[in-house]
Amino acid sequence: MYSYIIGKIISKNKKTITFENNYTGYFASVAEDEEYEEGKVKKIYLYKNMSLGKNNKINEELYAFISYEKKELFLKLLNVQGIGPKTAIAICGNDTTLVNSLIQSKDIDALSSLKGVTPKVARNMVEDCVTDITASTAIEADKLIKALRSLGYTQRQVEIALMNINDSNRNLDLSDLISESIKYIASQSNELS
């Protein structure tokens with residue numbers, strides 16, 4: 001499975017691009033062809049979809065993304081009931097940060113106003129994606145607690161650190177969360193001394 005390919009954009013045509021890498025041409029569906037400029041070399045994040053077509057023929061389709069965040073959103077959307085690759089790529093044509101924000105805030109009306117999103121799809125996005133976000137957040141919090149406790153911090157220090165991790169820190173990886181928590185615990189210890 002490809003993660004990304006660095007290739008030269010050969011042509012673009014309303015929701016598709018053709019790009020070349022090592023003398024091989026690739027044809028892929030994209031959310032926005034305006035993001036690609038003919039003749040430019042780009043890092044292109046890919047998703048390969050395989051499906052069973054007529055006469056049991058296997059169909060392969062490539063989907064290309066200009067950023068890893070767009071690919072992540074696409075993959076998240078594929079796990080939503082009622083969303084296939086074509087709907088997911090259409091939704092990825094919207095601002096990624098906005099889509100993720102609306103999902104987290106459970107704003108079905110605003111989601112429904114976005115390109116490629118119907119009210120039913122918006123409800124499914126909120127139900128399926130928020131569950132995934134909540135579950136992954138709980139797993140990360142549990143890992144953070146275990147890491148801080150193994151470093152010798154008291155349960156009270158860990159709880160205070162967790163309560164003070166702000167929203168901008170929630171997207172950090174575990175090692176960065178540990179670092180931010182230690183900084184916060186240290187600053188609190190200095191204030192108490």
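Let's start with a yardstick: a residue is called buried when its relative accessible area is under 20%, exposed when that value is over 50%, and partly exposed in between. Take E61, for example: its relative accessibility is 27%, so it counts as partly exposed. We'll come back to that residue. Keep in mind throughout that what you're looking at is a predicted model.

First, the whole chain. It has 7 helices and 5 strands, and if you read along the sequence, the five strands come before the seven helices, in the pattern β-β-β-β-β-α-α-α-α-α-α-α. Of its 193 residues, 34% count as buried. The chain exposes about 11800 Å², and carbon and sulfur atoms supply 50% of that area. There is also a fair bit to say about reach along the sequence: take the contacts between residues at least 6 apart, and 47% of them join residues at least 24 apart.

Now look at the strands. They make a closed barrel of 5 strands, in the order β1-β2-β3-β5-β4, and the pairing is mixed. From one strand to the next, the twist averages 55°. As background, strands of a sheet pair through backbone hydrogen bonds, and they do this either parallel or antiparallel.

Both kinds of pairing can be found around β5. On one side, strand β3 (residues 24-30) pairs with strand β5 (residues 58-65) in the parallel sense, over 2 bridges. Here V30 has A64 of β5 as its bridge partner, and S29 stands opposite Y63 in β5. With β4, on the other hand, β5 pairs in the antiparallel sense over 8 bridges. One of the matched pairs is M50 with E60, the latter in β5. Strands β4 and β5 form a hairpin with 5 residues between them, and N55 in the turn has a positive phi of about 55°.

While you're on β4, find N49, which sits in that strand. Is N49 buried or exposed? Its relative accessibility is 13%, so N49 counts as buried. Leaving out residues up to four places away in sequence, N49 touches N59, E60, E61, Y63 and P85. V41, also in strand β4, tells another story: with a relative accessible area of 57%, V41 is exposed. Together with Y4 and I6, V41 forms a nonpolar patch on the surface, and the accessible area of the three comes to about 290 Å².

Next comes helix α1 (residues 68-78). This helix lies across β4 (41-52) and β5, and runs at about 15° to β4.

What about charged pairs? The count comes to 6 salt bridges, and several of them link parts of the chain that are far apart in sequence. Start with E32 and K115, which form a salt bridge with their closest N and O atoms 2.3 Å apart. E32 lies in the loop between β3 and β4, while K115 lies in the loop between α4 (108-112) and α5 (119-150), so the pair ties together parts that are 83 residues apart in sequence. The two ends are not covered alike: E32 is buried, with a relative accessible area of 15%, whereas K115 counts as partly exposed at 37%.

That loop between β3 and β4 also holds E35, whose side chain meets that of K70 in a salt bridge (3.8 Å, N to O). K70 is in helix α1, and the two residues are 35 apart in sequence. E35 is partly exposed, with a relative accessible area of 26%, but K70 counts as buried at 9%.

Finally, back to E61. This residue forms a salt bridge with K86, and the closest N and O atoms are 2.9 Å apart. E61 lies in strand β5 and K86 in helix α2 (residues 85-91), so this pair ties together parts that are 25 residues apart in sequence. K86 is exposed, with a relative accessible area of 55%. And one last link to look for: salt bridges that share partners join K15, E32 and K115 into one network.

Note on methods. Residues are numbered from 1 along each chain as its sequence is written. This is a predicted model: local features need pLDDT of at least 70, side-chain atom pairs count only at pLDDT 80 or more; totals for chains, interfaces and linings use all residues. Side-chain values use heavy atoms; hydrogens and water are left out. Two strands pair if DSSP finds at least two bridges between them. Helices (H or I, at least four residues) and strands (E, at least two) are DSSP runs, numbered from the N terminus. Axes are lines fitted to C-alpha atoms, for helices over the stretch in contact, and angles run from 0 to 180 degrees between N-to-C directions. Contact means heavy atoms within 4.5 Å. Patches are made of residues with over 30% relative accessible area and no salt bridge: like charges are joined within 9 Å, nonpolar side chains (Val, Leu, Ile, Met, Phe, Trp, Tyr) within 5 Å. Accessible areas come from the Shrake-Rupley method with a 1.4 Å probe; for residues, only the protein chains shown count as cover. A salt bridge is a side-chain nitrogen of Lys or Arg within 4 Å of a carboxyl oxygen of Asp or Glu. Buried means under 20% relative accessible area, exposed over 50%, partly exposed in between (1.4 Å probe, protein chains only).
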